[in-house]
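Me: I am new to this structure and would be grateful for a close look at one part of it. Please take the strands that surround the nonpolar core and explain how they are arranged, with enough background to place them in the chain.

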Amino acid sequence: MNNQNLLFSSASTSTKPLILLLLFVSISLGLMLGCNNKVNRPDSALEEQGRITDLSMAESEWNIAIEDAWARPTKAGMMSAAYFTMHNVGSVPDSLVQVSSNASKDVQIHLSYMNDEIMMMEEQPFVAIQASEHIPFQPGGYHIMIIQPTKDMEEGDSISLLLYFKSGMIIEERIQVGNPTM
Ligand SMILES: [Cu+2]
């Protein structure tokens, strides 16, 4: 039984109660886990274009939460970075493959590392995450590089990030500028 296909199929009277039940279950799961992420299921138009690679997942198996997100304050045209913890609370592995933002046209997934006591950083094509894994994006490690933001990013502002996953899932996250723990 493939729940995904039921959700996408046009609702006949017999499938409606099941669809409502599935919606209720996914909404209450989201509330229980306290995730504030807006998760967009790919729509059937994307499905027809063949952009969705894995339709075998049931709704409740995929669940990635973004926690403790913040971005570094900066001036327009300079550099900023966004940090968070990516937590796979679902039961299937996935990979973060792309990020975009309203703050800049050029947003990249980076990894910092030490090389002869010099801090280097390198763009990453993806970051894989296993079921139940937490991956910190933090200074000195993975981070989202926001290159030449179009406006000043000041403490207390917020920007939005769109996180694209290999599964076709997209998370929209509003991020505070300024480190909440400092
Ligand atoms: Cu970087």
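Reply: What follows begins with the chain as a whole, turns to the core and its strands, and ends with individual residues.

The model is a predicted one, and its confidence should be considered before its details. The average pLDDT of the protein chain is 79, and 66% of the residues reach at least 70. Residues 1-53 stay under 50 in pLDDT, and the model has 42 contacts beyond four places in sequence for them. The protein chain contains three helices and eleven strands. Read from the N terminus, these elements follow the order α-α-β-α-β-β-β-β-β-β-β-β-β-β. Of its 182 residues, 22% count as buried. Among the contacts in the chain with a separation of 6 or more, 67% join residues 24 or more positions apart.

The part requested can now be described. The largest nonpolar core consists of 27 residues, and those with the most contacts inside it are Ile66, Ala71, Ala82, Met86, Ile144, Ile146 and Ile159. At least two residues of this core come from each of β2 (64-71), β3 (79-88), β5 (106-115), β9 (142-147), β10 (158-165) and β11 (170-177). Strand β2 supplies the largest share, five residues.

Several of these strands can be followed through their pairing. Strand β10 is a convenient place to start. Five bridges pair β10 with strand β4 (residues 94-101) in the antiparallel sense. Within this pairing, leucine 161 in β10 stands opposite serine 101. Strand β10 is also joined to β11, again in an antiparallel arrangement, by seven bridges. Here tyrosine 164 has isoleucine 170 of β11 opposite it. The hairpin of β10 and β11 has four residues between the strands, and glycine 168 takes a positive phi near 100 degrees in this hairpin.

Strand β5, which also supplies the core, has a pairing of its own. Strands β5 and β6 run antiparallel and are joined by six bridges. Methionine 114 has methionine 119 in β6 as its bridge partner. Two residues lie between the strands of this hairpin, where aspartate 116 has a positive phi near 50 degrees. Strand β6 (residues 118-123) lies largely in the open, because the number of buried residues among its six is zero.

Strand β9 offers a closer view of one buried position. Tyrosine 142 belongs to this strand. It counts as buried because 20 C-beta neighbours lie inside 10 Å, and the cut-off for a buried residue is 20 or more. Leaving aside residues up to four places away in sequence, tyrosine 142 touches Leu111, Val127, Ile135 and Phe137. Threonine 85 is 57 residues from tyrosine 142 along the chain, yet their C-alpha atoms are separated by 10.0 Å.

The loop between β9 and β10 contains glutamine 148. This residue is not a glycine, but its phi is positive, near 45 degrees. Glutamine 148 is partly exposed because 14 other C-beta atoms lie within 10 Å, a number between the limits of 12 for exposed and 20 for buried residues.

A similar description applies to strand β2, where aspartate 68 is found. Aspartate 68 has a positive phi of about 55 degrees, although it is not a glycine. With 14 other C-beta atoms within 10 Å, aspartate 68 is partly exposed. Strand β2 nevertheless gives the core its largest share, five residues.

Two further positions show parts of the chain that are distant in sequence. Valine 92 lies in the loop between β3 and β4. Valine 92 has 17 other C-beta atoms within 10 Å and is therefore partly exposed. From valine 92 to serine 132 there are 40 residues in sequence and 8.7 Å in space, C-alpha to C-alpha. Threonine 181 is located in the segment after β11. It is exposed, since 5 other C-beta atoms lie within 10 Å. The C-alpha atoms of threonine 181 and tryptophan 70 are 9.8 Å apart, although 111 residues separate the two along the chain.

To draw these points together, the core of 27 residues receives at least two residues from each of six strands, namely β2, β3, β5, β9, β10 and β11. Of these, β10 pairs with β4 and with β11, while β5 pairs with β6.

Terms used. Residues numbered from 1 in each chain as written. Predicted model: local features only at pLDDT ≥ 70, side-chain atom pairs only at ≥ 80, totals over all residues. pLDDT = per-residue confidence, 0-100. Contact = placed C-beta atoms within 7 Å. Core = buried A, V, L, I, M, F, W, Y, C linked by C-beta atoms within 7 Å. Pairing = 2+ DSSP bridges.
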